[in-house]
Protein chains: 2
Amino acid sequence: MNDKFFKLPLEKQRRIINAAYKVFSENSYKKAPMSEIADESGISKALLFHYFTNKKELYMYLWMNAIEMTRKAVTEYKTLETDDFFEMLKRSLLSKCSLMRDYPHLYAFSLRAYYETAPEIHKSIQENFNDVSKASEMIVFEKIDISKFRKDIDIKTMYAEIFYAVDGYMLKKYRLNCIIPDEIEKEIIILIDFWKKVYTQEV
Amino acid sequence: MNDKFFKLPLEKQRRIINAAYKVFSENSYKKAPMSEIADESGISKALLFHYFTNKKELYMYLWMNAIEMTRKAVTEYKTLETDDFFEMLKRSLLSKCSLMRDYPHLYAFSLRAYYETAPEIHKSIQENFNDVSKASEMIVFEKIDISKFRKDIDIKTMYAEIFYAVDGYMLKKYRLNCIIPDEIEKEIIILIDFWKKVYTQEV
DNA sequence: TCCTTATTGACCGCAACGGTTAATGCAAGT
DNA sequence: ACTTGCATTAACCGTTGCGGTCAATAAGGA
């Protein structure tokens with residue numbers, strides 16, 4: 001990793017790593033070509049190798065960067081500073097939308113990276129992530145005020161179902177190549193309001 | 001396409017096309033290697049080319065086969081012969097589970113094929129599918145008895161949400177490489193019962 | 001034994017890959 | 001105008017992987 005990369009104009013940095021996020025989110029690690037990343041970001045392959053000395057280093061930088069940015073966005077939106085489940089959900093997803101404005105393919109990249117099987121990558125990834133994800137799920141279930149939910153539903157099932165739906169929704173958007181943050185934000189809010197109405201106890 | 005393929009023992013046929021479904025569901029058309037399909041099905045590459053004269057022909061056969069099998073399973077389960085939404089949903093998904101027993105990667109293949117962008121493939125696929133999918137969604141909304149739903153929810157949103165969740169659920173299963181029909185069947189039923197309870201009007 | 005069919009290893013030509021290097025362009029300093 | 005130093009690239013290298021072919025072998029039945 002070459003420090004000169006960080007001295008580039010921010011917009012150029014973004015163009016490069018977005019191209020990388022895109023290519024790595026559409027292909028497995030092994031089949032994602034560096035040349036495609038270079039083309040997509042409008043620089044030469046040689047220059048790309050000048051900034052990131054090899055493929056693995058670029059990939060690991062993207063991974064670390066994704067984690068760090070996600071963490072930052074989550075705290076910025078005060079995601080965990082509420083005990084209302086749907087408010088927390090909204091903040092969490094809106095923070096991801098805001099991230100999406102700058103890095104449209106970061107979400108898809110993270111999802112894929114987590115399940116990447118290439119041995120050189122797999123190990124480094126898993127170690128790093130288990131702490132984060134397990135911990136945050138714990139926090140959610142400790143913080144949440146469950147008295148607001150309908151009494152006749154199973155909360156774990158609801159929780160799982162909601163996250164399936166979010167993943168399925170995003171999957172469709174990516175498949176349609178249709179990442180428009182404003183639109184997604186609107187539709188996500190509709191979904192959350194829908195869930196809130198359905199799962200909340202009527203008083 | 002060589003007719004001799006159909007004279008093979010059924011189990012060998014299945015081994016071959018399952019390998020193909022798998023490889024094509026994990027890679028884009030362009031990056032799915034015929035050699036990998038041959039290896040995975042335990043035959044030589046030359047023999048694979050002997051049965052399916054080239055890559056495109058194999059792919060198109062898989063696509064046609066997927067459509068036909070899906071259609072067959074749907075009618076076998078009498079999916080459309082009810083006006084209860086959740087019953088219809090259950091039959092639809094269980095029919096897919098039964099398909100999954102013989103062809104674990106057919107579902108993932110179909111999903112990916114529909115969004116395949118390789119120009120040689122794209123056109124042939126889209127033509128063929130639009131009729132089917134659009135038509136079936138129409139039928140669903142015409143047949144369903146909507147009086148059973150809670151009055152305060154938007155049915156279109158519910159419909160969309162449920163299908164997002166199913167896709168998200170299956171996505172996770174595939175990502176974890178965890179296609180166990182019995183388990184999926186059980187969990188799907190739990191989800192459907194959950195939805196039925198949540199969305200149905202209390203009387 | 002011979003004939004037919006099923007199956008494959010070895011091969012071909014080409015494209016794509018990760019990575020390198022020597023040569024360019026190009027702006028600032030003198 | 002000339003040099004220095006850095007940003008950037010075209011061209012290249014050795015290797016691998018690809019779709020597809022073919023001559024040779026294995027297998028089986030009469």
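User: Superposition here means a least-squares fit of copies on the C-alpha atoms of residues with pLDDT of at least 70 in both. What rotation superposes chain B on chain A?

Analyst: This is a predicted model, in which local features need pLDDT of at least 70, side-chain atom pairs count only at pLDDT 80 or more, and totals for chains, interfaces and linings use all residues. Residues are numbered from 1 along each chain as its sequence is written, with chains lettered from A and ligands numbered from 1 in the order in which they are written. Chain B fits onto chain A with an RMSD of 0.0 Å and 0.0 Å of shift along the axis. That is the relation of a two-fold axis, and the rotation is 180°.

User: Which helix of chain B gives the most to the side that touches chain A?

Analyst: The contact (C-beta atoms, placed from the backbone, within 7 Å) takes 22 residues from chain B and 22 residues from chain A. Helix 8 (155-175) and helix 9 (181-199) of chain B each give two or more residues to that side; helices are DSSP runs of H or I, at least four residues, numbered from the N terminus. With 11 residues, the most comes from helix 8 of chain B.

User: Why can the copies be said to meet through the same surface?

Analyst: The interface residues of chain B are compared with those of chain A. The copies meet through the same surface because the share of chain B interface residues that are also interface residues in chain A is 100%.

User: Which element gives the largest share of the surface near DNA strand D?

Analyst: Around DNA strand D there are 15 residues (C-beta atom, placed from the backbone, within 6 Å of the strand), and among those that come nearest are Ala46(A) and Asn54(B). Elements giving two or more residues are helix 3 (45-51) of chain A, and helix 2 (34-41) and helix 3 (45-51) of chain B. The largest share, 4 residues, comes from helix 3 of chain A.

Key: Contact = placed C-beta atoms within 7 Å.
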